[in-house]
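Hi,

Here is the structure I said I would pass on. Have a look at it first, and my notes follow underneath.

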Amino acid sequence: MENTTGDLFDDELKMDATAKNHLKGIATWAMIVVVTAVLGYIVTIADTFLSPAYQVGRMREGFTASVAFGQKSMTGAIIQTVIGLIIHFFLYRFCVLISQSVRAMDQDKTGAAFRNLKIYFAITGVISVIVALAVLILLAAMI
Amino acid sequence: MEPNQTTSLFQLNVDANNAYALRSAASWGKVLGVVSIIMGILLVITGILVQSAANDISSDFSGYRGRTYDSGALGRAGLIVYGIAGVIMLLSGVFALNFGNRASKALRTNDTQALASGFSAARNYFAVWAIIMIVLLLLVLIGIIGGATGSGGGRF
């Protein structure tokens, strides 16, 4: 009997067992990132809305402005939470899709997972560029 | 007699669509890696500048009576905080860059081992951030609990 190995995907890159294990690892760690981030946003919002800003210091001897410490910006907290939730939504989608694709050997889900990872990296990259520029401005101001 | 064909239908492959998506993710991973490394270096430099500025303030006001705080210690604390943040950014940047480079190489050369190595780097990237986020969350919770218990008697 002629025994030929007619691999339909000879020219495609294959994912071996090690790669699949690493993908499962990525999904697990990324899910931990998502859960801790969401918990962090909940804590931030709760802290911002529940605990009032308090004033430390009082007007003394002609000083007309009191000194306030611990004041929290509600707008800032909301913006931070919304942006963070959007970013982590894509990471969550990546985790779910990559887990499903490894379990079911589903090529379409693998592609969709990588697309979500790309969006996550893209948004994080752009925000990192903005933060890096801010740090650069801070540095320039210090020098 | 019919040939006995073995096909890889039940194996996970990176087809043309997946390759495009993975290549884009790898490119953005490289961008993120490079920016994170630059930011890590900038943060370490900022820490050093903060410490030297605090030391200058400390020496300028060393003759004043009634000084109740040590700005030198504040500068050292600044250096430690900025230094830790910088090292974290550097580390995560290196992992992101490794993911980008290795995944791109795997797609270019059809190298399965390079692909696994790239995924390993991505796993390390997320592991670093997961650990950091758990630590930060705990610190925030400790801060809030400390603030809530401490502020009761401390208010004017």
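First, a definition: the expected span of a helix is 1.5 Å times one less than its number of residues. Helices here are DSSP runs of H or I with at least four residues, strands are runs of E with at least two, and both are numbered from the N terminus. On that basis the 39 residues of H2(B) should span 57 Å, and the end C-alpha atoms are 56 Å apart, which agrees. Helix H1 of chain A, residues 17–50, behaves in a similar way: its 34 residues reach 49 Å from first C-alpha to last, close to the 50 Å expected.

Some housekeeping before the rest. This is a predicted model, in which local features need pLDDT of at least 70 and side-chain atom pairs count only at pLDDT 80 or more, while totals for chains, interfaces and linings use all residues. Residues are numbered from 1 along each chain as its sequence is written, with chains lettered from A and ligands numbered from 1 in the order in which they are written.

Now the two chains. Chain A has three helices and one strand, and its elements run β-α-α-α from the N terminus on. Chain B also has three helices and one strand, in the order β-α-α-α from the N terminus.

For burial I count C-beta atoms, placed from the backbone: a residue is buried if 20 or more others lie within 10 Å of its own, exposed if 12 or fewer, and partly exposed in between. Buried residues make up 29% of the 143 residues in chain A and 36% of the 156 residues in chain B. For contacts, the C-beta atoms of the two residues, again placed from the backbone, must lie within 7 Å. Taking contacts between residues at least 6 apart in sequence, 59% of those in chain A join residues at least 24 apart; for chain B the figure is 72%.

On to the helix packing in chain A. Axes are lines fitted to C-alpha atoms, for helices over the stretch in contact, and angles run from 0 to 180 degrees between N-to-C directions. H1(A) and H2(A), the latter covering residues 74–104, pack at about 160 degrees with their axes 9 Å apart. That makes H1(A) roughly antiparallel to H2(A), a label for angles over 145 degrees (under 35 is roughly parallel, 65 to 115 roughly perpendicular and the rest oblique). The crossing of H1(A) and H2(A) is left-handed, meaning that the near helix is turned anticlockwise from the far one by less than a right angle; clockwise would be right-handed. The residues of this contact of H1(A) with H2(A) divide into 20 nonpolar, seven polar and two charged. Nonpolar here covers Ala, Val, Leu, Ile, Met, Phe, Trp, Tyr, Cys and Pro, charged covers Asp, Glu, Lys and Arg, and the others, Gly among them, are polar. The buried residues of H1(A) include Leu23(A), Ile26(A), Trp29(A), Val33(A) and Gly40(A).

H2(A) and H3(A) pack at about 155 degrees, and their axes are 8 Å apart. So H2(A) is roughly antiparallel to H3(A), and their crossing is left-handed. Among the residues making the contact are Phe90(A), Phe94(A) and Leu97(A) of H2(A) and Leu117(A), Tyr120(A) and Ile123(A) of H3(A). By class, the contact of H2(A) with H3(A) has twelve nonpolar, five polar and two charged residues.

Two loop residues are worth a click. Most residues other than glycine have a negative phi. Met105(A), though not a glycine, has a positive phi of about 55 degrees; Met105(A) sits in the loop between H2 and H3 (107–142) of chain A. In chain B, Asn110(B) takes a positive phi of about 55 degrees just after H2(B), in the loop between H2 (71–109) and H3. With 15 C-beta neighbours inside 10 Å, Met105(A) counts as partly exposed, and Asn110(B), with 15 as well, counts as partly exposed.

Finally, H3 of chain B. Buried or exposed: which is Ala121(B)? Ala121(B) lies in this helix and counts as buried because 22 C-beta neighbours are inside 10 Å. Leaving out residues up to four places away in sequence, Ala121(B) touches Phe95(B), Asn98(B), Phe99(B) and Arg102(B). Gly143(B) is also found in H3 of chain B, residues 112–154, but counts as exposed, with 12 C-beta neighbours inside 10 Å.

Cheers
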